[in-house]
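Q: Please take a close look at one strand of this model and at what surrounds it. I would like a connected account that starts from the strand and then moves outward.

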Amino acid sequence: MRCKFLICFLLIFNILCAQNKTDYPVYPSPMLIPINLSATFGELRNNAFHAGLDIKTGGKIGEKVYAVADGYVSRIGVSPWGYGNVVYVTHDDGYTSVYAHLDKFNFEIGLYVKKKQMLSMSFAQNIFLEKDEIRVSKGNYLGLSGNSGGSGGPHLHFEIRDANQCPVNPLFFGLETIDNVKPVIYGIALYPKWLSSVGEFQDAVYFGVDGKSGKYVVEQNIKANGTIYFGISTYDQSDEQYNKNGVYSIELFADNRLIFSILFDKYSYDETRYINSLIDYKRYCKDKVRFVRSEVDEYNILDLYGETSGCVTLKEGDEVHMKYVVKDFFGNTSTAKFTLVGDKSLEEYSDNQYGRAYYRVDGKSEVEVNLDGFTAKIPKKAFYKYEYVLARQLDTIENVASDYAYVLGTQDIPVQKNIEIKIRPAEQYANSDKLYMVCVSDKGEFEAVGGKLVDGKVTANVKKMGTYALALDETAPKIYPNNFDDNTKIIKTKRLKINVYDNESGISKYDIYLNDKWVVGAYDPKNDLLFYDVDEYMIFGNNKMEVVVTDGVGNETRKIYNIIRENPK
């Protein structure tokens with residue numbers, strides 16, 4: 001009895017905590033299963049903040065998903081990428097709920113989507129509906145949870161947006177989940193500014209912390225001189241769950257004075273890429289560990305910040321007591337304490353000398369980089385602060401179709417805006433229509449970034465620094481039937497699967513024709529799979545199925561199979 005009482009108390013307490021954040025409507029759960037989260041709102045992701053909650057479905061697809069309030073379906077998406085199969089419901093109270101990575105839509109939505117797909121002869125859809133075109137009531141069935149799009153495993157991505165389509169933390173709306181676990185603090189970082197130091201170092205210095213159960217400390221005093229900014233690596237977990245989720249708030253105090261704070265409650269999609277300015281991007285590129293920095297870069301417009309002074313200035317003999325306070329949504333709190341001791345300034349400071357191969361990009365005007373056979377246009381505020389960008393030619397990269405590979409900065413410089421790159425093909429490939437641009441990794445591996453031949457140069461827009469070159473793709477995609485073959489007889493088979501591969505310019509178009517009529521072929525790139533769900537277009541008897549797959553430069557593969565559909569006895 002005492003255990004049951006405690007569980008009930010904790011559920012009520014969690015609900016009250018959520019309701020007390022501000023005045024939001026209370027919605028029911030979108031699924032009739034216990035709410036266990038594999039990701040929280042504002043969680044730090046690659047190039048983006050997580051815009052909602054990821055609700056676990058026990059590693060399975062097929063849980064029923066329900067509308068959380070009265071309203072109408074305002075948007076439907078179908079994509080091999082991103083949210084996959086997704087439904088947006090705009091509610092009568094002005095909020096919009098989003099249900100992503102679905103396996104299937106309900107009958108009405110599914111039929112609506114299929115008509116659009118057949119009409120446009122395209123699997124991918126981004127459909128905006130008129131108000132009340134498809135009405136839903138609270139509790140109406142919308143579809144089945146799944147693993148479509150860019151999902152890394154079966155779950156429901158659940159999102160709530162305000163009237164301006166800004167994501168809001170769904171836990172404000174009364175979703176019930178139990179969390180009594182305090183955030184974990186992994187480490188802290190110190191970032192000395194110009195003519196400043198931490199110990200004998202002028203660059204970032206990282207410290208592990210000792211402790212557990214919400215109380216962490218850096219045991220030794222940290223010697224520093226000059227102006228110092230800070231960083232913290234932290235994550236949250238909930239009861240009996242192993243996932244490393246995002247925290248709700250971070251505060252930093254210097255001698256009990258708040259100098260930095262951030263709250264993950266609401267943001268705009270226009271801001272999401274500014275995550276790369278919030279974190280220590282160089283450290284992330286090195287080992288995939290994210291430190292949230294207290295320094296706000298000049299061109300960072302992220303609105304999640306509260307206090308932003310973020311730094312301490314020390315001289316010899318000073319002593320400053322620092323404390324990080326980290327909370328999850330339900331108020332579970334962890335602290336990390338450390339002490340700064342003012343040290344002597346260094347006798348000599350290294351002076352970064354940038355030669356003629358570097359371009360100074362201050363963000364105030366466009367910068368054009370020009371090398372033999374290469375140009376790059378870096379727009380204003382493409383970076384979050386001024387950067388020195390290395391630009392040079394490389395003749396050591398093999399199998400390229402340009403005279404050189406070209407280094408443009410380093411991959412640990414985060415980029416906010418598109419940078420236009422143009423590369424001239426080598427003379428023997430000047431008229432080829434099989435050219436595409438690649439980013440070359442440190443291991444010499446090619447990553448296709450697209451590109452189009454215009455006025456004698458391949459042009460592409462990129463959002464990362466690195467080494468770029470041209471490659472030639474003369475190999476057509478590969479197609480292999482997965483669960484059938486030519487002249488296969490099917491009776492109860494509901495889905496025909498085809499494996500499709502292209503390891504060069506990538507698959508750009510995919511079509512299935514049944515008896516010379518285009519039918520919906522769904523593409524799942526993470527599994528290299530194209531599939532057709534058997535429907536009314538497959539007749540009983542012989543069916544000619546033609547599969548057509550095209551890569552990024554127009555190479556095409558066609559395969560024809562005879563499928564014999566038999567009547568079930």
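A: In this predicted model, strand 25 covers residues 333-342, and seven of its ten residues are buried, so the strand is largely enclosed by the rest of the structure.

Three strands can be described as its partners. Strand 24 (residues 319-327) runs antiparallel to strand 25 and is joined to it by nine bridges. Within this pairing, Val-325 is placed opposite Thr-335 of strand 25. The two strands make a hairpin, with five residues between them. The turn of that hairpin contains Gly-331, whose phi is positive, about 90 degrees.

Strand 18 (residues 215-217) pairs with strand 25 in the parallel sense, over three bridges. Here Val-217 has Lys-337 of strand 25 as its bridge partner. Strand 19 also pairs with strand 25 in the parallel sense, over three bridges. In that case Lys-223 has Val-341 of strand 25 as its bridge partner.

The side chains lead to the interior. The largest nonpolar core has 113 residues, and those with the most contacts inside it are Tyr-99, Leu-190, Phe-230, Met-322, Phe-338 and Leu-340. Strand 19 (residues 222-235) supplies the largest share of this core, five residues. A second core, separate from that one, has 27 residues, including Phe-374, Ala-391, Val-415 and Cys-439.

Leu-340 shows what surrounds one of these core residues. Leaving out residues up to four places away in sequence, Leu-340 touches Leu-190, Ile-222, Phe-230, Val-312, Leu-314, Asp-318, Glu-319, Val-320 and Met-322. Among these contacts, Leu-190, Phe-230 and Met-322 are also listed with Leu-340 as residues with the most contacts inside the largest core.

Next comes the loop between strand 25 and strand 26, where Ala-357 lies. Ala-357 has a relative accessibility of 31% and therefore counts as partly exposed. Apart from neighbours within four places in sequence, Ala-357 is in contact with Val-389, Leu-390 and Ala-391. Of these, Ala-391 is one of the residues of the second core. Between Ala-357 and Lys-434, which are 77 residues apart along the chain, the C-alpha atoms are separated by 31 Å.

After the loop, strand 26 belongs to an open sheet of six strands, paired antiparallel in the order 26-29-30-36-32-33. Strand 26 (358-361) and strand 33 (446-450) are the edges of this sheet, each pairing on one side only. From one strand to the next, the twist averages 30 degrees. Strand 26 is paired with strand 29 (residues 387-394) through four bridges in the antiparallel sense. In this pair, Arg-360 stands opposite Tyr-388 of strand 29.

Strand 29 also takes part in the largest pocket, which has a volume of about 1400 Å³. There are 38 lining residues, and Asp-203, Lys-282, Asn-352, Tyr-354 and Lys-385 are the closest to the pocket centre. Strand 29 gives the most to this lining, with four residues. Strand 14 (184-192), helix 3 (275-278), helix 4 (281-287) and strand 29 each supply at least two lining residues.

Enclosed space is a separate matter. The structure holds one cavity of 30 Å³ or more. The largest cavity contains about 170 Å³ of space. It is lined by 18 residues, with Thr-40, Leu-171, Asp-179, Asp-236 and Phe-329 nearest its centre.

Further along the chain is another open sheet, with five antiparallel strands in the order 27-28-31-35-34. Its edges are strand 27 (367-371) and strand 34 (452-454), each of which pairs on one side only. The twist in this sheet averages 25 degrees from one strand to the next. Strand 34 and strand 35 run antiparallel and are joined by three bridges. One of the residues in strand 35 (residues 457-462) is Thr-459, which is the bridge partner of Lys-452. Thr-459 counts as buried because its relative accessibility is 18%, and the cut-off for buried is under 20%. Beyond four places in sequence, Thr-459 touches Glu-420, Ile-421, Lys-422, Met-437, Gly-451, Lys-452 and Val-454. Lys-452 is thus named both as a contact of Thr-459 and as its bridge partner.

Terms used
Residues numbered from 1 in each chain as written. Predicted model: local features only at pLDDT ≥ 70, side-chain atom pairs only at ≥ 80, totals over all residues. Heavy atoms only, no water. Buried < 20%, exposed > 50% of the residue type's maximum accessible area, 1.4 Å probe, protein only. Contact = heavy atoms within 4.5 Å. Core = buried A, V, L, I, M, F, W, Y, C linked by side-chain atoms within 4.5 Å. Pairing = 2+ DSSP bridges. Axes fitted to C-alpha atoms, helices over the stretch in contact; angles between N-to-C directions. 1 Å grid on protein atoms, 1.4 Å probe; cavity = no way out; pocket = protein on both sides within 12 Å on 5 of 7 lines; lining within 4 Å. Points joined across faces, edges and corners; volume = space filled by probe spheres on them.
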